[in-house]
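User: I've got a model open and want to see how its labels are earned. Can you take me through them?

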Amino acid sequence: MQLLAPFLLGQLLQPWIGKWIREHKAPLAIVDRGSILMVVYLAFSEAIVGGLWQQVDGVSIATMIVVDGVLLAVVLMVTRTVSRLMGFSREDEVAIVFCGSKKTLASGVPMANVLFPAAQVGSALLPLMLFHQIQLFVCAMLARRYATRRAAATAETRTASSSA
């Protein structure tokens, strides 16, 4: 209900409020992100109150970080390789790489709430929370790398054009 109800309501109201929503995108983005943050915060808070840190030791957290990192690396390599093998443009490759690894807390928390008893939601979400943080860090570095390559390619094209 946390994901499906707002989606369905938004689709049903689209003919009446769609234009207004598009015109006020910036302030509404705060509400959108804030609601996602609240869903994640509530789930994580319940886990802390339920004694998550007493249930998970340092070795388990380190193992989760390594497994999440390997999983992210594999997904990033597969999406990049497949996009190149299929002949997608550089812009499409970037979209495929970033979207292919996206597993957000916004969709994971409501699913975990449905799949697991309340007492287990926090421990079930911990790997996803760690994955999300690793993903943000790694994808920020990838974005900078893609931007640097694009800037270099643009500068090279300009230099070649001005030389000709």
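Analyst: Here are the labels, each set against its definition. This is a predicted model, where local features need pLDDT of at least 70, side-chain atom pairs count only at pLDDT 80 or more, and totals for chains, interfaces and linings use all residues. Residues are numbered from 1 along each chain as its sequence is written, and side-chain values use heavy atoms, with hydrogens and water left out.

User: Why is valine 66 called buried or exposed?

Analyst: Exposed means over 50% relative accessible area, buried under 20%, and partly exposed in between (1.4 Å probe, protein chains only). Valine 66 has 54% relative accessibility, so it counts as exposed. Across the protein, buried residues come to 22% of the 164.

User: What makes up the secondary structure of the protein?

Analyst: Seven helices and zero strands, giving the pattern α-α-α-α-α-α-α along the sequence. Helices are DSSP runs of H or I with at least four residues, strands are runs of E with at least two, and both are numbered from the N terminus. Valine 66 sits in helix α4, residues 58–85.

User: How do you know what radius of gyration a compact globule of 164 residues would have?

Analyst: The rule is 2.2 Å times the number of residues to the power 0.38, with the radius taken over C-alpha atoms. That puts a compact globule of 164 residues near 15 Å, but the protein has 21 Å. Its C-alpha atoms fill a box of roughly 70 × 50 × 25 Å along the principal axes.

User: What separates valine 66 and phenylalanine 131?

Analyst: They're 65 residues apart along the chain, with 9.7 Å between their C-alpha atoms.
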